[in-house]
Amino acid sequence: MVNSISKFFGFEERGTNFKTETLAGITTFVSMVYILFVNPNILGASGIDKGAVFTATALASAFGCFVMGVLANYPIAISASLGQNAFFAYSVCIGMKVPWETALAGVFLASFIFVILTATKVRERIIDAIPADLKSAIGGGIGLFIALIGLSEGGIIVSNKDSLVGLGAFTGTTWLTVFGLLVTLVLMSMRVPGAIFIGMVLNSLLGLFTGLIPVPHQIVSAMPSIKSTFGVAIAHVPDINSIQLIVVVLTFLLVTFFDTAGTLVGLAEQAGFIKNNKIPNIGKALVADSSTMMVGSILGTSPMGAFVESSAGIAIGGRTGFTTIIVGILFVIGAFFSPMLTVITSQVTAPALIIVGVLMAQSLKNVHWEQFEIAAPAFITLVGMPFTYSIADGIALGFITYPITMIAAKRGKEVGPMMYALAVIFVIFLWILEAK
């Protein structure tokens with residue numbers, strides 16, 4: 001059976017094996033499992049049943065991982081997009097007073113357009129048109145972005161009214177982050193296989209031993225029903241009947257489009273998939289994420305997309321879709337073992353995200369920093385992601401800048417028509433974000 005799996009996913013061709021892929025899948029799942037708890041808490045503010053969201057998130061994530069693994073053979077997991085869920089709950093439902101049923105219908109319509117753009121290969125052509133330097137900058141920018149998330153979630157960096165951010169207080173659970181980071185740094189430096197995963201296990205054990213992580217009182221629980229959310233999105237499509245709601249649909253579409261595209265490019269860069277500025281099988285990967293967004297809306301959750309925490313699994317050697325299959329299986333199992341998953345706190349996963357940030361920053365060596373007209377948009381893309389706390393916004397700022405600096409350097413003819421079109425689209429995109 002192992003040999004059959006190896007041949008199907010091409011372990012030998014990608015320099016990996018069953019053990020490495022399995023460990024990578026477990027690592028990716030542990031790094032992103034928080035979404036099972038974060039997503040219901042955020043969407044619950046809209047009035048939607050938290051239990052239903054929990055199950056919908058688990059099932060939609062599993063579906064996306066299975067499709068990505070089998071169809072595209074990529075080690076990139078899919079789940080509910082952070083930021084999009086907050087926009088769904090706080091901006092649309094609470095701010096605009098749109099019922100959650102109608103908001104789900106908006107996600108469904110956006111996903112329908114998403115599928116059409118994928119089927120017509122518009123998304124694939126856009127990704128292929130991105131210059132190699134900007135692809136590398138996207139990878140590095142995502143590295144900084146997830147490192148910031150890790151530092152913040154771990155309590156090492158906190159908000160500061162005087163200087164925006166500052167060093168956190170080293171008390172309580174923050175010490176778990178520090179311990180996990182130091183252990184993982186040592187293991188990585190010693191070239192220990194599975195260092196990131198080992199670091200998370202040791203961190204969890206320390207947390208349980210010291211009482212910083214509460215011991216779960218229950219192991220197994222029933223999967224909550226999705227009866228209250230299943231199919232609601234389709235039934236309420238006729239409710240999308242105003243300019244305001246059309247803007248909501250466009251926002252779901254645009255943010256998911258560019259956020260997912262950037263994540264896929266960054267992770268493909270990290271995994272070494274990009275050859276001659278092309279990403280093999282990118283069309284199939286795009287089919288996986290667009291179809292998952294539609295399935296997720298039908299089940300009852302906010303937009304789904306490629307998950308940046310997949311970089312944790314890639315960092316320890318995950319190179320095929322079998323990594324993602326393992327993640328999908330664990331999402332299904334996790335839906336029944338939710339009490340046990342509370343052991344995986346943000347302080348446990350934070351060190352992994354910081355280390356992955358270091359690894360993803362390596363792509364920046366491919367940027368032609370000596371050419372200012374290229375270095376400037378690459379840098380703006382790089383810093384735009386963590387400073388705006390959005391992958392899509394960072395891409396927008398960099399891509400608007402790119403044709404401007406190239407024209408100024410009298411290299412405008414080197415900029416393809418697609419990049420000029422993207423610059424205009426991003427200006428409109430940012431305007432729509434402000435209009436919401």
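Here is a walk through this predicted model, from its nonpolar cores to a strand pair and then its salt bridges.

Let us begin with the inside. The largest nonpolar core holds 120 residues, and M68, F88, F399 and F426 have the most contacts inside it. Helix α12, spanning residues 243–271, gives the most to this core, contributing 15 residues. To get a feel for the packing, try centring your view on F399. Leaving aside residues up to four places away in sequence, F399 touches I130, L134, I138, T381, M419, L422, A423 and F426. F426 thus appears both as a contact of F399 and among the residues with the most contacts inside the core. Apart from this core lies another, of six residues, including I5, F9, F11 and I326.

Next, a short stop at two strands. Strand β2 (residues 157–160) pairs with strand β3 (residues 164–167) in the antiparallel sense, over four bridges. A hairpin of three residues joins β2 to β3. If you would like one pair to look at, take V158, whose bridge partner in β3 is G166.

Now for the charged side chains. The structure holds four salt bridges. One of them is between R123 and D289, whose closest N and O atoms are 2.9 Å apart. Because R123 lies in helix α7 (residues 122–129) and D289 in helix α13 (residues 282–299), this pair ties together parts that are 166 residues apart in sequence. Are these two partners buried or exposed? Both R123 and D289 are buried.

Helix α7 also takes part in another salt bridge, through D128. Here the partner is K278, with the closest N and O atoms 3.8 Å apart. K278 sits in the loop between α12 and α13, so its pairing with D128 ties together parts that are 150 residues apart in sequence. K278 has a relative accessibility of 45%, so K278 counts as partly exposed. D128 is partly exposed too, with a relative accessible area of 21%.

Our last stop is R411, whose side chain meets that of E373 in a salt bridge (2.6 Å, N to O). R411 is in the loop between α19 (391–408) and α20 (417–435), while E373 belongs to helix α18 (residues 372–388); the pair links distant parts of the chain, 38 residues apart. Why does R411 count as buried? Its relative accessibility is 19%, and buried means under 20%. E373 is buried as well, with a relative accessible area of 16%. Finally, salt bridges that share partners join E373, R411 and E414 into one network.

Technical notes: Residues numbered from 1 in each chain as written. Predicted model: local features only at pLDDT ≥ 70, side-chain atom pairs only at ≥ 80, totals over all residues. Heavy atoms only, no water. Core = buried A, V, L, I, M, F, W, Y, C linked by side-chain atoms within 4.5 Å. Buried < 20%, exposed > 50% of the residue type's maximum accessible area, 1.4 Å probe, protein only. Contact = heavy atoms within 4.5 Å. Pairing = 2+ DSSP bridges.
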